[in-house]
There are 2 protein chains.
Amino acid sequence: MADAGDLTPRARRILEVASELFYDRGIHAVGVDTIAAESGVTKRTLYNNFGAKDVLVATYLKNRHSGWWRGLEERLAAAEPPRALTLFDVYAEDARTSKRGCAFLNAAAELPADHPAYAIIRYHKRSVEDRLGELIAEHEPGAAEPERLARHLFLLLEGAFAHHGIHGEGLLAEAREIARGLLT
Amino acid sequence: MADAGDLTPRARRILEVASELFYDRGIHAVGVDTIAAESGVTKRTLYNNFGAKDVLVATYLKNRHSGWWRGLEERLAAAEPPRALTLFDVYAEDARTSKRGCAFLNAAAELPADHPAYAIIRYHKRSVEDRLGELIAEHEPGAAEPERLARHLFLLLEGAFAHHGIHGEGLLAEAREIARGLLT
DNA sequence: CACCTCCTATACTGGTCTGTATAACGCTGG
DNA sequence: CCAGCGTTATACAGACCAGTATAGGAGGTG
C-alpha cells in the first residue's frame, strides 16, 4: 500500500478511477472488473500494482486522507481566527461537491472492523479531532475544559456530515453557526 | 412491504434473521441464499413472501424503526425531566449492545439515494429530530431558539452514534453530559 | 543484441449474486 | 374428500465476484 507518489502512471489512474467509484457507489458495489475497464487497463495490471482489492480499498482511503489533509492545512495557513471554524468550512465545501457524505464514515459503515482499511479510518478521524483540539487551544488558551469543547465541536461536525446525504442542504452551515456561538 | 404483524411465522423468522445479518455484516455483504439458509427456509419461500431483496431491506428498516420507536416511547413514559436526555440514554443502550453503530446511517452509507429504503431512513431520522424538539419544548417552554437547540442536540446525538464503532466506548455518555450542560 | 519491466489480450477457475422453474408434500377449510 | 395454499427440494439461468494462467508486445537500458 504505497503512497500515491510512488505509483506508476497507470496505477495512479487505477487509483483515481477506483476512488471515484468507491465513493459514489460504495465499496462492495464496485467490482475490480469495472475498475479495470473504466481505467482502460487490464485486470492483470490492476493486480500487478495492488495485489488485492482490499489493498486498493486501503490505498484509496489512505490517499484520500493525505490529499484532504494537505488541502486542510493550506486553508488553515490562510485562515483568520477562530481557525477551528475553518474545519467546518472545509467540510461544507466537501459536502457541496457531493451528496454522498463522508468517505470514511461510509467505508466504516460497510467494512468489517478487522478490514485493513479500518485502521486508516480511525487514524483519519482521530487526526481531525486532535487538530480541532489544537485549533481551539490556540484560540482559547485559558478555556476551562478544552478537551470537552473539542469533543463538542467534533460531534457537531461529524453529526452534520454524517447526515448530509439524509437531511439535505445547509446542515453544515448550521453546525458552523452553533460552533461559532460556542467559541468566545 | 407489510408490517411485521401481518407476516406469517416463516416470514417473520426470515425478517428476524435478515435483520441481524444486514446489521452485523452490511446489506451488500449478505446474500439471499445465506438469509434463506440461516432461516431454515427455502429461497422460494423468501421470494414468495418478499418478492425481492430490496423489499426485504426496506422491510428490515421499517420494522426496526417501529420496534425501536415503541421502545423509545416506553422509556419516555417512565422518564423524568429533562426527557430530552432519555434519547441519549436509549442511544447509549443501543451502542452498548453492538459495535456496529446506527443501522440507518449504515444503510444510508451503503445504499443509493433512490433505493426504496432510503425514504424510510429519512423518515426515521426526521422523526427522531422532531421528537427531540418536542421534548426540549416541554422542558424549556420559553427558550430563545428552540429549533436551534434541537438541532444542536440532534447533531451531538448523531455525531456520537456515527462514531461509536470508530471511536470506542463512552462517546455517547460524553455527548449526554455535553447535552445536559446545554439544558437549563 | 539481450535483458528487464511494464504492459496488453484473452481465457479461465471456482464461487457467489439475484431471481425463477418444476414438481411434490402437508395442512386446513369447505 | 378435495381444492387451495404455503411450503419443501432441487435445479437452473445469467450475471457478476475476486483472482490466476498463459503468451506475447512495447520500450528503455546494459
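In the predicted model, helix 5 and helix 10 of chain B meet through Leu85(B), Phe88(B), Tyr91(B), Ala92(B) and Ala95(B) on the side of helix 5, and through Leu172(B), Ala173(B), Ala175(B), Arg176(B), Ala179(B) and Arg180(B) on the side of helix 10. By class, this contact comprises nine nonpolar and two charged residues, with no polar residue. The two helices, which span residues 84-97 and residues 171-182 of chain B, pack with their axes 9 Å apart and at an angle of about 175°; because angles over 145 degrees count as roughly antiparallel, helix 5 of chain B is described as roughly antiparallel to helix 10 of chain B.

With regard to the arrangement of the chains, a turn of 180° combined with a shift of 0.0 Å along the axis lays chain A on chain B with an RMSD of 0.0 Å, which is the relation of a two-fold axis. The C-alpha of Gly159(A) is the one in chain A nearest this axis, at 1.8 Å from it. Both copies use the same surface, in that 100% of the contact residues of chain A recur in chain B.

DNA strand C is surrounded by 19 residues, of which the closest are Thr8(A), Arg10(A), Thr45(A), Gly31(B) and Lys53(B). At least two residues of the surface near this strand are supplied by each of helix 1 (9-25) and helix 3 (43-50) of chain A and helix 2 (32-39) and helix 3 (43-50) of chain B, and helix 3 of chain A gives the most, with five residues. The surface near DNA strand C has, by class, seven charged, seven polar and five nonpolar residues.

Technical notes: Residues are numbered from 1 along each chain as its sequence is written. Chains are lettered from A and ligands numbered from 1 in the order in which they are written. This is a predicted model: local features need pLDDT of at least 70, side-chain atom pairs count only at pLDDT 80 or more; totals for chains, interfaces and linings use all residues. Copies are superposed by least squares on the C-alpha atoms of residues with pLDDT of at least 70 in both. Two residues are in contact if their C-beta atoms, placed from the backbone, lie within 7 Å. A residue is near a molecule or strand if its C-beta atom, placed from the backbone, lies within 6 Å of it. Helices (H or I, at least four residues) and strands (E, at least two) are DSSP runs, numbered from the N terminus. Ala, Val, Leu, Ile, Met, Phe, Trp, Tyr, Cys and Pro count as nonpolar, Asp, Glu, Lys and Arg as charged, and the others, Gly among them, as polar. Axes are lines fitted to C-alpha atoms, for helices over the stretch in contact, and angles run from 0 to 180 degrees between N-to-C directions. Angles under 35 degrees count as roughly parallel, over 145 as roughly antiparallel, 65 to 115 as roughly perpendicular and the rest as oblique.
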